[in-house]
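Welcome, and please open your viewer with the whole chain on display. We will go from the overall fold to single residues, one selection at a time.

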Amino acid sequence: LAFLTDGKAGMAALFLERALELNPEYYTLQSLLADAYLSDGRRREAALAYTRYLAADPQACDREKIERRIKALATAP
């Protein structure tokens, strides 16, 4: 997580992708991965990661916030 705050979002995304490969049951990492993608300027990948998170957790407490982010990413130029 320090990579996200230190301006190394690409490295954070790499580590989070690997963590999810090793243990996909930690689907909550998808949200962090999406944040890393956003910080790295990868909007499409961020939207996909947010979507995977919501699909894995239908009862997510932050569902409305994430749905707004996905919508904003989809409508952004």
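One definition first: a residue is called buried when its relative accessible area is under 20%, exposed when that area is over 50%, and partly exposed in between, using a 1.4 Å probe and protein chains only. With that in hand, select Ser 39, which is exposed with a relative accessible area of 52%. Ser 39 is found in helix α3. Now pick Leu 73 as well: Ser 39 and Leu 73 are 34 residues apart along the chain, and their C-alpha atoms are separated by 13 Å.

A word on what you are looking at. This is a predicted model, in which local features need pLDDT of at least 70 and side-chain atom pairs count only at pLDDT 80 or more, while totals for chains, interfaces and linings use all residues. Residues are numbered from 1 along each chain as its sequence is written, and side-chain values use heavy atoms, with hydrogens and water left out.

**The whole chain**

Switch to a cartoon view. You should find five helices and zero strands, where helices are DSSP runs of H or I with at least four residues, strands are runs of E with at least two, and numbering starts from the N terminus. The order from the N terminus on is α-α-α-α-α. The radius of gyration is 12 Å, close to the 11 Å that the globule rule gives for 77 residues, so the chain is as compact as a globular protein of that length. That radius is taken over C-alpha atoms, and the rule is 2.2 Å times the number of residues to the power 0.38. If you orient the C-alpha trace along its principal axes, it spans about 30 × 25 × 15 Å.

Next, colour by burial: buried residues make up 29% of the 77 residues. Turn on the surface too, and you have about 5200 Å² of accessible area, 56% of which belongs to carbon and sulfur atoms; areas come from the Shrake-Rupley method with a 1.4 Å probe, and for residues only the protein chains shown count as cover.

**The nonpolar core**

Which residues touch the most other members of the largest nonpolar core? Select Leu 33 and Tyr 37: they do so in a core of 18 residues. Such a core is a set of buried Ala, Val, Leu, Ile, Met, Phe, Trp, Tyr and Cys residues joined through side-chain atoms within 4.5 Å. Helices α2 (9-22), α3 (29-39), α4 (43-56) and α5 (63-75) each supply at least two residues of this core. The largest share, six residues, comes from α4. In soluble globular proteins, nonpolar side chains tend to be buried together.

Stay on Tyr 37 and show its contacts, meaning heavy atoms within 4.5 Å. Not counting residues up to four places away in sequence, Tyr 37 touches Ala 13, Glu 17, Arg 42, Glu 45, Ala 46 and Ala 49.

**More stops on α3 and α2**

Now select Gln 30, which lies in helix α3. Is Gln 30 buried or exposed? With a relative accessible area of 11%, Gln 30 is buried. Leaving out residues up to four places away in sequence, Gln 30 touches Leu 20, Ala 49, Arg 52 and Tyr 53.

Move to Ala 12 in helix α2. Ala 12 is buried, at a relative accessible area of 5%. Add Leu 32 and draw a C-alpha to C-alpha distance: the two are 20 residues apart in sequence and 8.9 Å apart in space.

**A loop, then α4**

Asp 40 sits in the loop between α3 and α4 and counts as partly exposed at 36% relative accessibility. Beyond its neighbours within four places in sequence, Asp 40 is in contact with Ala 9 and Gly 10.

Last, select Leu 48 in helix α4, which is partly exposed at 39% relative accessibility. Its C-alpha atom and that of Ile 70, 22 residues apart along the chain, are separated by 8.5 Å.
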